[in-house]
Amino acid sequence: MGFDLSDLQALMGGSFEEPTGESGGVWVVSPDGLIDDAMLRLIGKGRVVADALGGYVYLLAGCNGAGADTEGAIRAGADKVLTAGGMPTVNELADFFRERQPQAVLLPRNRLGKALGPGLAQTLGGSLCPYAADLAVDPIYQRIVAHQPILDDAARMQVILLAAPAVAVMETALLPAAFNEPWRQGEVGDTQLMWSEPPSHEMVDRPARPITLKTSPVVVVAGQGLTDDAGFAAAMELADALGGVVAGDVTALDMGWIGEESLVGLTGETIGPELVIALGVDGDTSFMMGVAEAGCLVAAQADAGAPIVPFADYNVVGDPAEFARAFAKAARG
Amino acid sequence: MRIVVCMKQGIDPKTVKISRSREELDLREARPQTQPEDKHALEAALRIREARGGEVVAVVVGSRSAEDTAREAVAMGADKAVWIVYKGQRSGKTMTALVKAAVERLGGADLVLAGQGGDLDTAGPLAGRLAAALGWPLIADALRFDVEPAGLYAVAAFEGKATRLPVVLPAVAEVIPGAERPRYPHPSRIAVAWNDGYVETWNAAEMGLEEEALAADAEMGGLVLGAERQRGQVIGGSPEQAAEELAGILRGKRLL
Amino acid sequence: MDFTLPKHLQLFKEMLKEFAETEVRPKAKKMDAEGWPDPDVVRKLGENGLLGIPFPTKYGGGGLGEMGYCLLMETMGGVCTSTATLIGAHIGIGVMALYLGGTEEQKKKYMPDLCNGRKIAAFCLTEPGAGSDAAGIKTRAIKDGNSWVITGNKIYITNGPIADVFTVLAVTDPALGARGGVTAFIVEKGMPGVSVGTVEHKMGIRGSATSEMIFDEVVVPSANVLGQVGAGFVTFMATLDTGRLGLGAACLGGAEAALESMCKYAAGRQQFGKPIAEKQAIQWMIADTASEVEALRSMVYRTAWMVDTNQPYTKEAGICKLFGSEVAARAINRAVQVHGALGYTRDFWIERAWRDARIAEIFEGTNEIQRIVIAEQMLRPYGVRVRP
Ligand SMILES: Cc1cc2nc3c(=O)[nH]c(=O)nc-3n(C[C@H](O)[C@H](O)[C@H](O)COP(=O)(O)OP(=O)(O)OC[C@H]3O[C@@H](n4cnc5c(N)ncnc54)[C@H](O)[C@@H]3O)c2cc1C
């Protein structure tokens, strides 16, 4: 007498039969068949959820799995990799899943995932988290709980997905690194399905409002610690690499590097972007109040005792120009 | 041509704090606001109307104060607004059912526009769901619409650039911010928006919706708090090492 | 008693804030430095219906009453006093004279273009010899058949250089003087003989244009007599009553902005290892300012309500102007003190606000004249004649 694994799983509310066929389980969908690091992370999250529920992880890859690293997908946690031709529409995907009754469907939060996820949940009568950073299973009721970032990801709201399938459109960049477990085994199969061909696109320039100091999510602020024009050039290079704008504090204005319209601080613009990189800025009251609303402040300057140090989230103490060049390179990847 | 714009009253994220001790949102100073993302959808609708005529109807689902959003839509230029009073939990499924019923009660629509969903908006963007519910094609990430003799075209964000596609009506589009900022409400419209005749108040029962159709597909659980912001961290090493380490940290925070 | 703003005005207030932050604040420093209004700002004010706020929609106005106008002036007063002045001279006195004194045809003819900013208005009262003593004007209008010929110089005219429509006060019958001998006219920029004279170099509100206006034998059709011949002085004085309220509202905005900046800066600025906000000396400046701002806000909003409900408000409007200009000056002066050297530099807006604030004690009737107006209202029931 004693517990075996199936009893334990039953107790945990999971299935106590070995899952067979292709029903239930957690499905990870790559509509264009691409399996990159983001998809591998998503498979890993599917694995964690499937283990908690007691089920299989399936990867469904469109475009005949072109570019699909099936081996990698299995090492990352997929039990079965299924391919199909073309790219699915909402209805095609819904038809595929209707009899398979998945418990959860995970899609990456990219153009395709965002276009398919909501419609899929709606068509199948499931539930949806359109923006999930994490997915968990609550141990008591075995419900799938998505974590949706709120307030610029200062916190996450738990969203309990009540109806099956639980469709989660997931921000893969927020997921932990992918598993790479060579001992894992899995199957590769073909659904024999031929989905729609992706439509061809007439490409045009993207209409957008010009990015300004006030609206740019990333701002590089130059200060006199950059010492010379070459130092300021490094700041511009970094702003370029980060896709942000370059601005300056009062000292940069005095050096003639920036115009008044690019001045950050109480005497110029008060800004609240996601990220501020201050280069060679030691941080007077005016500057610091000008960036008080920034989501994250990185400071690179030479003085470990400068007022900016305790105020910045991250400090690099040293030559700001040298750091800027190195960081531009690191950011470009 | 009738264009329906889904608009929602949300909370201004700047007025919401996080109580770390109670692990919940501190909503004492929370201020309702029309979800800014939805104003882009309304702007797109108004521009189409200006170019080819027709009628713009804002549909707002919400409780008490959501009426203000309906009035604001009128003040921005909507011909009228429908305020669907619904006090229950407004999950994405619930909202979709209500908006779909409203479109039907309006006698249909040629185009339904919705925004991309805001911070704190757990019901999420509605366009994808609505397209599926109505059985109409979805235009994702629309930045702009062009009214041309040959018909209506959408310019939509696509892989860093944009693509231009003909809009086959009826259709649903999710509108994301493009080159135009949503217009300010006009004073002469503000002056009349609270008068009779601009906002119709409907409810679920009137639209023939049963409780089951409106049951929420999701419900809110607690809050998961990230690590508290820690200022003053110093990253050591050579500039290259520091740069690599920092890039890693910022990537983890999705700041790069 | 209910002190909440009606819903539509709450929305208007939000709209104003967004508009001012987006379209006006970024230009404020430049306008001050260049000493000229920004045409883009003026155009956007017009396009967004902000140049006709208090007037009925049937004349192209915003239909938001005096309360709406005060909210507009409060918002602009906190962001750019020059723009508030431009609006004040346009709506508060320029178009207001037309609205209060004009005939139906005149309103229909001129107001729509003025309300949407296609045309800008100026109010021409002051002359070299007639400042506080407005009745001492010398500009003459002589009847010539079906027209009037106007000759005279007006000085310190806000919007003079950019205006298209002028409401001008002139003597039509020297024998009758202010009571019946003074008439207001609508003069257009294009009429022969109208020219812009000396442009003033001012201490503050440098982003609003102020100039001399020269009227040299300007032939004006009789249809352009504003209202009745001889009624001009009364119209102009009534116009100034509402103008004063708007000025009080702009002062409220300036004082509120100073207060907010004081609090924010005091909380952020560290000296002696602590935010200066922890010092009682600073706290008292904040507390005094907050008290005065509260009083001023109640006063301005209440007087606007009196205007909108057709109650007499001459005394209250005078009090709003008098108290408002003094509160704003004190608040901004304290703000300079709290900001230390930063408050004294050209780079920071507080310095501009300090220069800007001073005018409110002078124009639209000096504060001495306001005290006379208020005292006159207070003492009349006691049979005391108060005269300047
Ligand atoms: C920037 C600016 C913009 C202006 N815009 C306009 C405009 O758009 N239209 C327009 O018509 N005018 C305009 N004015 C003129 C303004 O209204 C007058 O300057 C103001 O009314 C005062 O007149 P004054 O300068 O001649 O001073 P004065 O009347 O000469 O007064 C000088 C001093 O004597 C005091 N004083 C005068 N009489 C008395 C009294 N009886 N008792 C006690 N003290 C007294 C005054 O209070 C003041 O302190 C503007 C002025 C300025 C500076």
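Start at the ligand. Select the residues around it: there are 19, and the closest are T126(C), S132(C), Y156(C), T366(C) and E368(C). Keep in mind that this is a predicted model.

Now go through some polar contacts. Select T126(C). An N or O atom in its side chain sits 2.6 Å from a nitrogen atom of the ligand. Next, pick S132(C). Here a polar side-chain atom is 2.6 Å from an oxygen atom of the ligand. Then select L125(C) and show its backbone. One backbone N or O atom of L125(C) lies 3.0 Å from a ligand oxygen atom.

How much of the ligand does the protein bury? Alone, the ligand exposes 960 Å², and the protein buries 66% of that.

Colour the shell by class. You should find 10 nonpolar, six polar and three charged residues around the ligand. Now colour by element. In chain C, strand 3 (147–158) and helix 10 (367–379) each give two or more residues to this shell. Strand 3 of chain C gives the most, with three residues.

Leave the ligand and move to the largest nonpolar core. This core has 153 residues. Select L113(B), F145(B), F12(C) and V187(C), which touch the most other members. Then select helix 6 of chain C, residues 232–268. Helix 6 gives the most to this core, with 13 residues.

Zoom in on V187(C). Leaving aside residues up to four places away in sequence, V187(C) touches I150(C), D164(C), V165(C), F166(C), V168(C), V194(C), F215(C), V218(C) and V220(C).

Last stop: chain A. Select L42(A), I43(A), I144(A) and L161(A). These belong to a second, separate core of 39 residues.

Conventions:
Residues are numbered from 1 along each chain as its sequence is written. Chains are lettered from A and ligands numbered from 1 in the order in which they are written. This is a predicted model: local features need pLDDT of at least 70, side-chain atom pairs count only at pLDDT 80 or more; totals for chains, interfaces and linings use all residues. Side-chain values use heavy atoms; hydrogens and water are left out. A nonpolar core is a set of buried Ala, Val, Leu, Ile, Met, Phe, Trp, Tyr and Cys residues joined through side-chain atoms within 4.5 Å. Buried means under 20% relative accessible area, exposed over 50%, partly exposed in between (1.4 Å probe, protein chains only). Helices (H or I, at least four residues) and strands (E, at least two) are DSSP runs, numbered from the N terminus. Contact means heavy atoms within 4.5 Å. A residue is near a molecule or strand if one of its heavy atoms lies within 4 Å of it. A polar contact is a pair of N or O atoms within 3.5 Å; within protein, one must be able to donate a hydrogen and the other to accept it, and residues adjacent in sequence count only if both atoms are side-chain atoms. Accessible areas come from the Shrake-Rupley method with a 1.4 Å probe; for residues, only the protein chains shown count as cover. Ala, Val, Leu, Ile, Met, Phe, Trp, Tyr, Cys and Pro count as nonpolar, Asp, Glu, Lys and Arg as charged, and the others, Gly among them, as polar.
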